[in-house]
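This note is written for a colleague beginning to read protein structures. Please keep the sequence and the model open while working through the numbered points.

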Amino acid sequence: MAGCLGAYETVAGSSDEEEPITIGILTPDPNSDFIGRSIEHGVELAVDQLNDADGILGREIETVVGDTNGSPLEARRQYDRLVLEEGADVTIGMFASEALEGIIDKIAEQETVHITAGSATSAVSRLVHERYADYKYHFRAGPVNDVTLGQVQLDFLDEMGPEIGWDSVALLAEDYAWNDGVWETYEENLPTDTTDVTMWDRYSPSTNDFSEIYDEVAESGADAAYISTAHTGTDAILDWATAEREFAFGGIHVPMQLPEYYGMVGGACRYGVGYASATATSEMTEYTRPFVNDYEEFHDGSTPVYTGYIAYDAVNLFAEAVERAESLDSDRLVDELEETEHTGTTGTIEFYDRNHPHAHDVVYGEDNVHPVFFQWREDDTGRGVQETIWPHEQATTEYVDPGWL
């Protein structure tokens, strides 16, 4: 009997070590929404590659998906399910700022590392800074937060505005929480010596007709409508292009980041200028193009949007932290993640330290993560291509004005 018990204890002890490491994916509508689908697919590709290379600490990795539906309430439900019922060792993802803010207290309560790969709200990183002991388990692999998003837009205008003839802009931003930091950055820094602002408008998120707004933009004399939009982006681009408005169009336009967007809007985004953490034509690092190729092969030819790059990087930097810590203990992982210097698909990822106002957010800069601006163009075959125009060292073409200007 004693021998049998000893054998049982040996088996039980070893089986615990061999249990899979579970990654919980928090993502909106992955079966229908390209943002959510790219988060899930980016994680799955990274996990598949890691499992082919003996997993993490020699253990297989499995994934479980929680569809947040972009809702704070559903995000909380799914977070509880993944961590408490599915036993997730880490959670990765989140897109809607309101949804991320809705689970930040649960992340603190469960003391389980979460790596954001989509949401831009700086509210959570301020919490990490202000109440580090409670909220230190949150990290953002990307995108840059809302305040830094505003700074990236200013950097583009400062360097490229005079070059492309955007001496004045009309600032437009849909009135969602993710735009709060962007707008605050604009208010604190604009106008500048290179850029005049002819119009300020945080328009209603229910807007589906931009005719009156664009009339005001034209009357203001702006060279370009400089927009920050996610949910209302398609109406915004269609109303601009169809009417051939007498100003350029660009800024943060989340739908325009979708590689298939040109065909989806019948080419209406041609000449539109957009922002992205990476594109299929960019070479942010030596890993960007190989990732795109692997992603397309792994997912039947579909091309990633920005959340796919970031989610893929998030898995790999998590895996490196676990290997260095030789543990899944959350506090030890926090220590290791704070020391991260991971060259991924979007740049070299490091995190701001606890003393920074945006603690545990990804560092923005030329030597770290530095997003690009692209312009939708049409190639000789009539296919739409996202051609990078800034920074100059990443540029694949030069900016051109819309054909009707």
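1. Strand S13, residues 372-378, is a suitable place to begin: this strand is mostly covered, with 6 of its 7 residues buried. The reader should bear in mind that the model is predicted.

2. Which strands does S13 pair with? One partner is S10, joined to S13 by 4 bridges, and the two strands run antiparallel. Within this pairing, Gly 274 has Phe 374 in S13 as its bridge partner. Another partner is strand S14, residues 384-390, which is also antiparallel to S13 and is joined to it by 6 bridges. Here Gln 375 has Glu 387 in S14 as its bridge partner.

3. The connection between S13 and S14 deserves a separate remark. The two strands form a hairpin, with 5 residues between them. In the turn lies Gly 382, whose phi is positive, at about 85 degrees.

4. Strand S10, residues 273-276, also pairs with S9; these two strands run parallel and are joined by 2 bridges. In this pairing, Gly 250 stands opposite Val 273 in S10. How many residues of strand S9 are buried? Strand S9, residues 248-253, is mostly covered, and 6 of its 6 residues are buried.

5. S9 pairs with strand S8, residues 224-229, as well; this pairing is in the parallel sense and extends over 6 bridges. One pair of facing residues is Ile 227 and Gly 251, the latter in S9. To pass from S8 to S9, the chain goes through helix H10, residues 233-242, and this β-α-β crossover is right-handed. As background for reading such strands, side chains in a regular strand alternate between the two faces of the sheet.

6. A further sheet should be described on its own. It is an open sheet of 5 strands in the order S2-S1-S3-S4-S5, and the pairing is parallel. Its edge strands are S2 (61-67) and S5 (138-142), each of which pairs on one side only. From one strand to the next, the twist averages 25 degrees. Within this order, strand S3 (residues 90-93) and strand S4 (residues 114-117) pair in the parallel sense over 3 bridges. Thr 91 stands opposite His 114 in S4.

7. The next point concerns two helices. Helix H12, residues 288-298, packs with helix H13, residues 306-325, at an angle of about 105 degrees, and their axes are 11 Å apart. Because of this angle, H12 is roughly perpendicular to H13. Thr 288, Phe 291 and Val 292 in H12 meet Gly 308, Tyr 309 and Tyr 312 in H13. By class, this contact of H12 with H13 comprises 4 nonpolar and 2 polar residues, and no charged residues.

8. The last point returns to the stretch that follows S10. Ser 277 is found in the loop between S10 and H12. Is Ser 277 buried or exposed? Its relative accessible area is 5%, and the cut-off for a buried residue is under 20%, so Ser 277 counts as buried. Leaving aside its neighbours within four places in sequence, Ser 277 is in contact with Pro 143, Met 284, Tyr 306, Ile 310, Thr 346 and Pro 371.

Methods: Residues are numbered from 1 along each chain as its sequence is written. This is a predicted model: local features need pLDDT of at least 70, side-chain atom pairs count only at pLDDT 80 or more; totals for chains, interfaces and linings use all residues. Side-chain values use heavy atoms; hydrogens and water are left out. Axes are lines fitted to C-alpha atoms, for helices over the stretch in contact, and angles run from 0 to 180 degrees between N-to-C directions. Angles under 35 degrees count as roughly parallel, over 145 as roughly antiparallel, 65 to 115 as roughly perpendicular and the rest as oblique. Contact means heavy atoms within 4.5 Å. Ala, Val, Leu, Ile, Met, Phe, Trp, Tyr, Cys and Pro count as nonpolar, Asp, Glu, Lys and Arg as charged, and the others, Gly among them, as polar. Buried means under 20% relative accessible area, exposed over 50%, partly exposed in between (1.4 Å probe, protein chains only). Two strands pair if DSSP finds at least two bridges between them. A crossover is right-handed if, with the strands pointing away from the viewer, the path from the first strand over the helix to the second runs clockwise.
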